[in-house]
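Okay, thanks for coming, everyone. Let's get the model up on the screen and walk through a few side chains.

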Amino acid sequence: MKDYKKMIFVSLVVAVASQVGVGLISSNFIVSAGIISFMLFLFYYEDLKPIPTGILSGIMVYLLRVLVHYLGKGNIMDAITSYQQEILFYMFYSIIYTLLIRKGNKNNINFLFFTMVISDFGANFIEVYVRTSIDVFSSLKEVGITLLAVSIIRSAILWLVLNALKYYRMFLMKEEHEKRYKRLLWLTSQLKTEMYWIEKNMDHIEKVMSQSYELFEKINLNMDNETWANRALSIAREVHEIKKENGLVIRGMKEITENELNDKGMDLKDIISILSETMKREIRRLDKDINLIFHVEENFYTSKHYYLMSMLRNLIMNSMDAMPDDKKDGKIIVTHELYKDNHNFTITDNGAGIDEEGLNHIFSPGFSTKINYSTGEINRGLGLSIVRYIVEEQLEGNISVSSKVGEGTSFHISIPKESLEEEVE
């Protein structure tokens with residue numbers, strides 16, 4: 001229902017914009033601003049279906065022209081026949097545009113310019129051809145140059161507007177990223193304070209473990225029986241203190257994260273943009289030959305952006321780590337698809353792959369296949385267990401993995417739409 005409302009809204013705006021135009025060749029042929037607004041909506045609403053919206057826009061333009069003609073001149077019959085070809089223009093424009101855009105990148109504004117010129121000229125040419133066959137008109141050869149000039153000028157205006165919008169959005173995004181970065185620095189500084197307490201408790205835990213082992217030795221050797229009770233009570237008190245301090249730390253971290261992370265949501269395309277930028281920078285730092293590719297089928301707004309960012313970042317980092325240092329033409333592909341009521345994400349790499357034993361334990365906390373053989377240091381092994389926790393517990397989805405040694409690994413994630421998508425406030 002939401003899509004139909006959007007199509008009706010766009011069609012009404014296009015119909016109103018079509019009233020602004022210049023008459024060419026004859027009073028019945030008008031070059032309007034309607035198609036400019038139509039293309040702006042197609043660019044802004046990525047989920048808008050061009051052909052149905054184009055046909056509906058043509059019908060709305062036709063009805064509004066007939067109404068304006070009737071209110072202005074009182075004779076409706078001439079208007080009914082004269083403006084019917086408006087529907088043809090918007091219909092064929094959207095058809096030609098759809099056929100061409102499938103072969104290129106919609107986000108490439110230069111490619112979009114040539115697509116708009118061809119769509120505009122083709123749709124105008126078809127409209128004039130139909131008018132010529134049923135009306136007294138100039139020859140097609142005479143109007144062809146005019147139509148081409150109109151197509152170029154109108155598409156050039158669109159090109160300038162779209163570039164202005166693009167750079168304005170980039171400016172806003174940069175500003176938003178700076179705000180988020182400042183919040184992140186503040187958040188990190190607060191979390192550092194809590195980490196000092198955790199480190200202090202680690203020393204405390206070591207002492208309690210030592211006391212527990214001493215008590216075990218005495219019990220095992222049946223020594224100092226009279227001290228067992230006091231030693232056990234002392235250990236219990238120490239454990240209680242550790243528990244109390246850990247409770248304070250956890251409460252502090254919850255307060256920090258709940259206050260600082262309770263901000264607005266993000267579009268998926270903005271999440272992907274940030275990920276692409278940061279992960280490619282990390283690839284350059286690691287000095288690996290990896291091509292990171294993103295394919296996003298449909299944009300949506302979500303307030304779960306921190307979960308989504310953490311999930312995708314951990315999986316991409318895992319793929320980067322799994323890529324041998326000497327491998328050429330490494331590739332990591334992140335794909336998003338909308339299937340029925342689920343958002344499906346697939347992260348695929350052509351790295352070293354994982355054997356069957358590794359696959360059985362890959363989501364276990366502490367498990368890791370990443371070892372620095374020069375230093376003996378092993379990865380924490382928490383990334384994938386965190387990913388599974390986010391997917392299954394926080395987003396109510398599911399995750400699976402498939403891999404072949406020497407060929408690569410794929411992680412498959414499915415998350416219900418209702419767990420991710422939200423209306424923009």
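First, a bit of vocabulary: a polar contact here is a pair of N or O atoms within 3.5 Å; within protein, one must be able to donate a hydrogen and the other to accept it, and residues adjacent in sequence count only if both atoms are side-chain atoms. Keep in mind this is a predicted model, where local features need pLDDT of at least 70, side-chain atom pairs count only at pLDDT 80 or more, and totals for chains, interfaces and linings use all residues. Residues are numbered from 1 along each chain as its sequence is written, and side-chain values use heavy atoms, with hydrogens and water left out.

So, Ser-403. Its side chain makes a polar contact with the side chain of Thr-409 at 2.8 Å, and also reaches the backbone oxygen of Gly-408 at 3.0 Å. Ser-403 counts as buried because its relative accessibility is 18%; buried means under 20% relative accessible area, exposed over 50%, partly exposed in between, with a 1.4 Å probe and protein chains only.

Now, salt bridges: a side-chain nitrogen of Lys or Arg within 4 Å of a carboxyl oxygen of Asp or Glu. The structure holds seven. One of them joins Arg-154 and Asp-120, with the closest N and O atoms 2.8 Å apart. Both of those residues are buried.

Arg-285 pairs with Glu-282, closest N and O at 2.6 Å. Which of these two is buried, and which is exposed? Arg-285 is exposed at 59%, while Glu-282 is buried at 17%.
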